[in-house]
Structures are given as C-alpha cells and as structure tokens.
Amino acid sequence: MRRSRLAYLPLVFPLLAFAEFLAFVSVAHAIGFLWASLLLAASSAAGVLLLRREGIRGFRAFQEATRDGRPPAAEVTNSLIGLAGALLLALPGFITGVTGIVLLLPPSRFLARRGVERLASRRLGGAATGDLFGPRRVRVHQSDPVTVVVVDEQRPTPPAAAIEGEIVR
C-alpha cells in the first residue's frame, strides 16, 4: 500500500521549525539579534500586506478571464502561487521568507505554475485540464506512415426480439 505524502507532514513541520531556529541563530550571529528580529518582523509585515494585494489581484484576473470567456485557471493558478509566496513570507522565519520571495518573483512563479499545471494534468487527466487551462500544446513525433484499411460491408442486422405480454400497473 502506497503511503500518502500528507502522512509525512507531522515529521516535516518539526524539522522546518528546527531549521528556522538554526537559520535565525546564524543570521542573528552574523548581523546581531536586534537586526535579525527587525528583519524578521519586517518580512512578516510585508507578507501580510502582500497577502491582501495578491488576493485582490487574483480575484480581478479571475473576473476578467471569465468576462472574456477564457479559461480562468491560468490566472487562478498564478494568483494561488502568489498567495502561497505571500503566506510563506508572512510566516516568521528566514527559510520560509526566502521561499516566499522566490515564489513571488515572475520567473519562478512561471515555473511553479507550469509545475502545478503538469500535476493537475497527471491527476485529473487531459480533458479536465483542457477545460481548466485551455487548449494544450502537444508534441507530435513523426514516424513511418500507417496504412489503414476500412472495409464497408453491409452486415444484415438481426431483427429485434420482441416479448409478447401484457403491461400490468
């Protein structure tokens, strides 16, 4: 039986907390405890402000896409990645803060969106993701031509079987 990836979350969170503590201690050792605390508070405040901005921007992009009749999933995915980056920035910690900043940058946001689209196509299938993300680009590999022979034979269809009886209500 294959284990779900969510089963590992109870192990990941304490490890992340320990890594954040070590990162804070090393930054505090390098620049001083007061500056490290101020940097942590400023990044958390910036993350909270970005949460609101990314949420409003994503909602407006979703409305515009639906108004234009386009599939809104690209805008929704882009805004969800921005919201995740802002949330990671809002969490107190240097590792989550750096990860949040990386997710907020346009090149990495584009790569993360492509990853989410690939994950969705693997989980949902091609037809559902085509409805969500619009038409997909596919690669066609050329090979030897295939000959298809279609034979049109008129096969006699058997008469339908009828059951005689009476309908009782």
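**View 1. Glu-117, a buried residue with two arginine partners.** At 5% relative accessibility, Glu-117 counts as buried, because the cut-off for that class is under 20% relative accessible area. The model shown here and in the views below is predicted. Glu-117 forms a salt bridge with Arg-114. Their closest N and O atoms lie 2.9 Å apart. Arg-114 sits three residues from Glu-117 in helix H5, so about one helical turn separates the two. Arg-114 counts as partly exposed, at 31% relative accessibility. A network of salt bridges with shared partners also occurs in this structure: it joins Arg-53, Glu-54, Arg-57 and Arg-109.

**View 2. The second bridge of Glu-117, to Arg-113.** The side chains of Glu-117 and Arg-113 meet in a salt bridge, with an N to O distance of 3.7 Å. Both residues belong to helix H5, which spans residues 106-124. They are four residues apart there, so the separation is about one helical turn. Glu-117 and Arg-113 are both buried. Arg-114, the partner in View 1, is instead partly exposed.

**View 3. Arg-57 and Glu-54 on helix H2.** Arg-57 forms a salt bridge with Glu-54. The closest N and O atoms of this pair are 3.7 Å apart. Helix H2 covers residues 33-68 and holds both partners. They lie three residues apart, about one turn of the helix. The two ends of the bridge differ in cover: Glu-54 counts as buried at 1% relative accessibility, whereas Arg-57 counts as partly exposed at 43%. The structure holds five salt bridges, and this pair forms one of them.

**View 4. Arg-109, with Ser-79 across from helix H5.** Arg-109 is placed in helix H5. Its relative accessible area is 9%, so Arg-109 is buried. Ser-79 lies in helix H3, residues 73-90. Ser-79 also counts as buried, at 11% relative accessibility. Arg-109 and Ser-79 are 30 residues apart in sequence. In space, their C-alpha atoms are 9.4 Å apart. Ser-79 can be paired with Arg-113 as well: 34 residues separate these two in sequence, and the C-alpha to C-alpha distance is 9.5 Å. Arg-113 is buried too.

**View 5. A positive surface patch.** Arg-5, Arg-118, Arg-122 and Arg-123 form a positive patch on the surface. Arg-123 is found in helix H5. With a relative accessible area of 65%, Arg-123 is exposed. The cut-off for exposed is over 50%. Helix H5 also carries the buried Arg-109.

**View 6. A nonpolar surface patch.** Eight names make up this patch: Leu-6, Tyr-8, Leu-9, Leu-11, Val-12, Phe-13, Leu-16 and Ile-95. Together they have about 730 Å² of accessible area. Helix H1, residues 9-31, gives the largest share of the patch, with five residues. Phe-13 has its place in helix H1. Phe-13 is exposed, at a relative accessible area of 52%.

**View 7. Two segments annotated as transmembrane.** An unreviewed UniProt entry carries the annotation "transmembrane region" for residues 33-51 and 80-105. In the model, residues 33-51 are 100% helix and 0% strand. The end C-alpha atoms of this segment are 27 Å apart. Residues 80-105 are 85% helix and 0% strand. Here the end C-alpha atoms are 13 Å apart.

**View 8. The whole chain, for orientation.** The chain has six helices and zero strands. From the N terminus on, its elements run α-α-α-α-α-α. Of the 169 residues in the chain, 22% are buried. Among the buried residues are Glu-54, Ser-79 and Arg-109. Exposed residues include Phe-13 and Arg-123.

Note on methods
Residues numbered from 1 in each chain as written. Predicted model: local features only at pLDDT ≥ 70, side-chain atom pairs only at ≥ 80, totals over all residues. Heavy atoms only, no water. Salt bridge = Lys/Arg side-chain N within 4 Å of Asp/Glu carboxyl O. Buried < 20%, exposed > 50% of the residue type's maximum accessible area, 1.4 Å probe, protein only. Patch = residues over 30% accessible without salt bridge, like charges linked within 9 Å, V, L, I, M, F, W, Y side chains within 5 Å. Areas by Shrake-Rupley, 256 points an atom, 1.4 Å probe, with all protein chains shown as cover. Lys, Arg positive; Asp, Glu negative; His and termini not counted. Charge placed at Lys NZ, Arg CZ, Asp CG, Glu CD. UniProt positions renumbered as here; feature names shortened; annotations may be inferred.
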